[in-house]
Amino acid sequence: MSTIEDPAEDPIDDLSVTPPKTWATGVPAVTHALEYSLSQTSVRRTALTLLNINQAKGFDCPGCAWPEPAPGKRSLNEYCENGAKHINDEATSRRVTADFFRAHSVADLGRRSDYWLNQQGRLTEPMVKLPGANHYEPIGWDEALDLLAQELRALDSPDEALFYTSGRLNNEAAFLLQLFARAYGTNNLPDCSNMCHESSGCALQETLGIGKGSVTLDDIHHADLIFVVGQNPGTNHPRMLSALEETKRNGGKVIAVNTLPEAGLIRFKHPQKARGVVGRGTPIADQFLHIRAGGDLALFQALNRLLLEAEEAAPGTVLDHDFVRTHSTGFAEFAEHARKISWDDVLAATGLPREEIERVHEQVLASKGIIVCWAMGLTQHKHGVPSIREIVNFLMLRGNIGRPGAGVCPVRGHSNVQGDRTMGVWERMPQKFLDALGREFGFRAPTRHGLDSVNGIRAMRDGKAKVFLGVAGNFVRATPDSDVTEGAMRRCRLTAHISTKLNRSHTVCGDTALILPTLGRSDRDVQAGGVQFYTVEDSMSEVHASRGKLPPASPHLLSEVALIARLARKTLGADPAIPWEEFEADYGTIRDRIARVVPGFEDFNARVAEPGGFRLPNPVNQGVFPTPSGKAVFTRNDFTMPHIPEGHLLLQTLRSHDQWNTVPYAMNDRYRGIHNARRVVLVNPADLDALGVADRGLVDLVSVWHDGVERRAEGFVVVSYPTTRGSAAAYYPETNVLVPLDSVADISNTPTSKGVLIRLAPAPSPADR
């Protein structure tokens, strides 16, 4: 076993490289999960967390949003390696107290790594950094919330405030946050979805009239063919591998589309099955397409052209004419465009042989039920929205929308990011929602669209936003253009973060800065009305309860619901007349109001009391498409592909295996064979030869953008790796500095973190920097 570094030590890179794994999970995953868990807390607390995580009467994993099986079909160990790490990282016995902040200045903390900051443990009491001060110091809850409320009331306009949240927030707190922001007078509700799956929402809303996926876990199990595109389930949502194993055992096929050979998509060893412990496990991908970065649009355009040609060759046998005729619009224009797609363009964009694409086409023709799953490998490209629209075209051609074993499946990587959006945390909520909210609470909600994450950074940079409230998350490390983002945050009059643990955002302060510590997912939540539970929504629209079991990390912690309710009361007073105290005392009263405002949540309290909760209705699965035409929309998507000049590479940022969002839990990425280091860049050996760069050479990564600003990530070791030609990969958040703020996806405004044009520059010696 590797050892976990002392939390007082900042780890030093000491790179070692082994061959990439060709399988994922198995016994090593159990070993690593327990090793990390026991390094954080006691055997008893570890057992308590692992026996309750993702159970019907337990708490939801704070990691990914992959759904659980029905209560009667769940394992006693319904979690993955990374889920075990996530929950015990939160349940750690380590504590950050006032003495810690006295010992470490803000400047000192700013020099520490993300790993070190996280390893210090749970925050225990509210802290403030006053103007001109170098240290945080303790502050009482009333004083802290009064300070934040005074700053909010002193702004010239409510639109000078930003209310950000990550997908860690629960439904009840998310509903209160957006209610508070809108009662205050702004729609400035940026969230983490702006930076990951906004392209999915934009594309699906335009084509199907819904902003989320359409499939269930049962659909995954019984699909004939599943595409897994731009996604690494082995690291980011490992329980998906169990579902794909079930697909394979039921006779379904899987096609993986990725620029990297991801171990989990090659072979999966289920750690709770004998075949995963002593056997060879289950091969997952029947075909693995090592596509060029940004080539997914061209791939699906080629498949659509092949389907149209197959229909012409055998009329009435390939396309679902009833679906096309009855449930869709725009087919003729789409088909005319699709027939003109050039094979030369397709092969250049994908880097795949035509024969390989035609093999996929044969699988498609042999399959009645097809699901396409995708993640940020699609959404974080400039043409992410057209790529997903083309996937919808592909599914609609054979009627693979709204029927069992078929549909769209954007796989979200954070536990309640979908629920936050359902609850109204979006800067562009539809007028129907705003009207319902206003009627329920007796005020007129603002109608002007607010700022998303990228535009929020611009507003802070330009002095137009002056107060930032972050509810969960690590904003400055999740966002692009790190130097610009940090400079923008430092221009604020006040920055405040509601957090469970220390992170980099706490070290990037406005004139005044607040750290407001909150309960974790695993903590017991007791309010005036008794023990509380809250709810979350997973990637497949299942809404269920989550009940913390552990004693809170400190008696001074407030729940997110309590924090938001108290802040709202102090900021707004009695106008409008919203019962914030009632909401804090009893979360069921919040759910009663949600039931009257948010469609699909009728009789919320009764339905969520059922084991496993309930599934929100999806109109697409009833043959209803809430688009302006009332039909699903075929779209014309112009061919495009990234242009990579000679001497350059297209960089994608990604997670290591020992990482959750912006937080590394160790310095390893064992499936890719990277150990004891994070500042590495993975490059195809043929590209290294062409660039004249040596394997294990030391380079700076320099992004190339038309604004003329040099963005540089210093001191990376080059590792020869089987990426596709012309592409490179490196870990975020270390490489977020390379993503220009203005390099965003068309329509969705999502940062293009999977398509960063870079060059490798020889790294100067430390003395020359």
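Visitor: What share of the contacts in the protein, at a separation of 6 or more, comes from residues 24 or more positions apart?
Guide: The share is 79%. A contact here means heavy atoms within 4.5 Å. This is a predicted model, so every value comes from predicted coordinates.

Visitor: Why is the protein called as compact as a globular protein of its length?
Guide: Start with its make-up: 31 helices and 33 strands. Then set two numbers side by side. The radius of gyration is 25 Å, and the globule rule gives 27 Å for 769 residues. The two values are close, so the protein counts as compact as a globular protein of that length. The C-alpha atoms fill a box of roughly 75 × 65 × 55 Å along the principal axes.

Visitor: How much of the protein is made up of buried residues?
Guide: Buried residues make up 64% of the 769 residues. The cut-off for buried is under 20% relative accessible area. The accessible surface comes to about 26500 Å², and 51% of it belongs to carbon and sulfur atoms.

Visitor: How far apart are the mean positions of the positive and negative charges?
Guide: They are 3 Å apart, taken over 82 positive and 91 negative charges.

Visitor: What makes β21, β22 and β23 a sheet, and is it open or closed?
Guide: Two strands pair if there are at least two bridges between them. Four bridges join β21 to β22. Two bridges join β22, residues 542–546, to β23. Both pairs therefore meet the cut-off. The three strands form an open sheet in the order β21-β22-β23, with antiparallel pairing.

Visitor: Why are β21 and β23 said to stand at the edges?
Guide: β21 (534–537) and β23 (614–615) each have a single partner strand, so one side of each has no neighbour in the sheet. Individual partners can be named too. Thr535 stands opposite Ala545 in β22. Glu542 has Arg615 in β23 as its bridge partner.

Visitor: What do β21 and β22 form together?
Guide: They form a hairpin with four residues between the strands. Ser541 sits in the turn and has a positive phi of about 70°.

Visitor: What makes both faces of β21 covered?
Guide: Look at each side in turn. Tyr534 and Val536 are on one side, Thr535 and Glu537 on the other, and all are buried.

Visitor: Why is Ala302 counted as buried?
Guide: Its relative accessibility is 1%. The cut-off is under 20%, so Ala302 is buried. Ala302 lies in helix α15, residues 296–313. Beyond residues up to four places away in sequence, Ala302 touches Trp343, Val346 and Ile357. Ile357 is 55 residues from Ala302 along the chain, yet their C-alpha atoms are separated by 7.9 Å.

Visitor: Why is Thr627 called buried, and where is its place?
Guide: Thr627 is in the loop between β23 and β24 (632–633). Its relative accessible area is 9%, under the 20% cut-off, so Thr627 is buried. Leaving aside neighbours within four places, Thr627 contacts Gln205, Glu206, Thr207, Leu208, Gly209 and Val633.

Visitor: Which helices do the buried residues of α23 pack against?
Guide: They pack against α8 (171–184), α22 (417–422), α28 (580–585) and α29 (587–597). The buried residues of α23 (431–441) are Phe433, Leu434, Ala436, Leu437, Gly438 and Phe441. Gly442 follows α23 and has a positive phi near 70°.

Visitor: Where is a cis peptide bond found?
Guide: One joins Asp575 and Pro576, with omega about 5°. Pro576 is in the loop between α27 (560–572) and α28. Another joins Tyr732 and Pro733, with omega about 10°. Pro733 is in the loop between β32 (727–731) and β33 (756–762).

Visitor: Why is Asn676 called partly exposed?
Guide: The relative accessible area of Asn676 is 33%. Partly exposed runs between the 20% and 50% cut-offs, so Asn676 fits. Asn676 lies in the loop between β28 (674–675) and β29 (680–683). Its phi is positive, near 65°, in a residue other than glycine.

Visitor: And why is Ile747 called exposed?
Guide: Ile747 has a relative accessible area of 56%. Exposed means over 50%, so Ile747 qualifies. Ile747 lies in the loop between β32 and β33. Its phi is positive, about 80°, although Ile747 is not a glycine.

Conventions: Residues numbered from 1 in each chain as written. Predicted model: local features only at pLDDT ≥ 70, side-chain atom pairs only at ≥ 80, totals over all residues. Heavy atoms only, no water. Rg over C-alpha atoms; globule rule 2.2 N^0.38 Å. Buried < 20%, exposed > 50% of the residue type's maximum accessible area, 1.4 Å probe, protein only. Areas by Shrake-Rupley, 256 points an atom, 1.4 Å probe, with all protein chains shown as cover. Lys, Arg positive; Asp, Glu negative; His and termini not counted. Charge placed at Lys NZ, Arg CZ, Asp CG, Glu CD.
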